[in-house]
Amino acid sequence: MVGSCLDLRGQRGDSETMNAFGKILSGKSNYKTVESIPKKLCSGCKKELKAQDKFCPECGAKAQ
Ligand SMILES: [Zn+2]
């Protein structure tokens, strides 16, 4: 799916844009999009980790 590559981080804080994305993704107004998914960063290299990552795939540091 092409849309999976959308980077919404630059849009954070723009609620109208987020609502628009929510409508596109869900068909509902005010639907919470990827913004509601907590992200964690590697304590070593600051790479963005997936929620299920136990260790950083980049530098091997233990995920917090
Ligand atoms: Zn790392």
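Analyst: In this predicted model, a helix is a DSSP run of H or I with at least four residues and a strand is a run of E with at least two, each numbered from the N terminus. On that basis, lysine 62 is found in the segment after β2, the strand at residues 48-49.

User: How do you know that residues 48-49 can be called a strand, given the length of β2?

Analyst: A strand needs at least two residues, and β2 covers 48-49, so the run satisfies the minimum length. The chain comes to one helix and two strands, which follow the pattern α-β-β when read along the sequence.

User: Why is lysine 62 called exposed?

Analyst: The cut-off for exposed is 12 or fewer other C-beta atoms within 10 Å, and lysine 62 has 11 such neighbours, so this residue counts as exposed. Its C-alpha atom is separated by 8.6 Å from that of glycine 44, although the two residues are 18 apart along the chain.

User: What makes alanine 63 partly exposed?

Analyst: A residue is buried at 20 or more neighbours and exposed at 12 or fewer; alanine 63 has 17 other C-beta atoms within 10 Å, and therefore falls in between, as partly exposed. Alanine 63 also lies in the segment after β2, and beyond residues up to four places away in sequence it touches Lys40, Leu49, Asp53, Lys54, Phe55 and Cys56. For one of these partners, lysine 40, the C-alpha separation from alanine 63 is 8.2 Å, across 23 residues of sequence.

User: Why is glutamine 52 called exposed?

Analyst: With 6 C-beta neighbours inside 10 Å, set against a limit of 12, glutamine 52 counts as exposed. Glutamine 52 is found in the segment after β2, and its C-alpha atom is separated by 9.4 Å from that of alanine 63, 11 residues apart along the chain.

User: What makes the phi of lysine 46 worth noting?

Analyst: Most residues other than glycine have a negative phi. Lysine 46 is not a glycine, yet has a positive phi of about 65°. Lysine 46 is found in the loop between β1 (40-41) and β2, and counts as exposed because it has 11 C-beta neighbours inside 10 Å, where the limit is 12.

User: Where in the chain is confidence lowest, and where is it highest?

Analyst: Helix α1, residues 15-26, is lowest at a mean pLDDT of 75, whereas β2 is highest at 92. The mean pLDDT of the chain is 77, and 62% of its residues reach 70 or more. Where pLDDT is low, the predicted coordinates should not be read in detail.

User: How many of the residues count as buried?

Analyst: Of the 64 residues of the chain, 6% count as buried.

Definitions and conventions. Residues are numbered from 1 along each chain as its sequence is written. This is a predicted model: local features need pLDDT of at least 70, side-chain atom pairs count only at pLDDT 80 or more; totals for chains, interfaces and linings use all residues. pLDDT is the predictor's confidence in each residue, from 0 to 100. Two residues are in contact if their C-beta atoms, placed from the backbone, lie within 7 Å.
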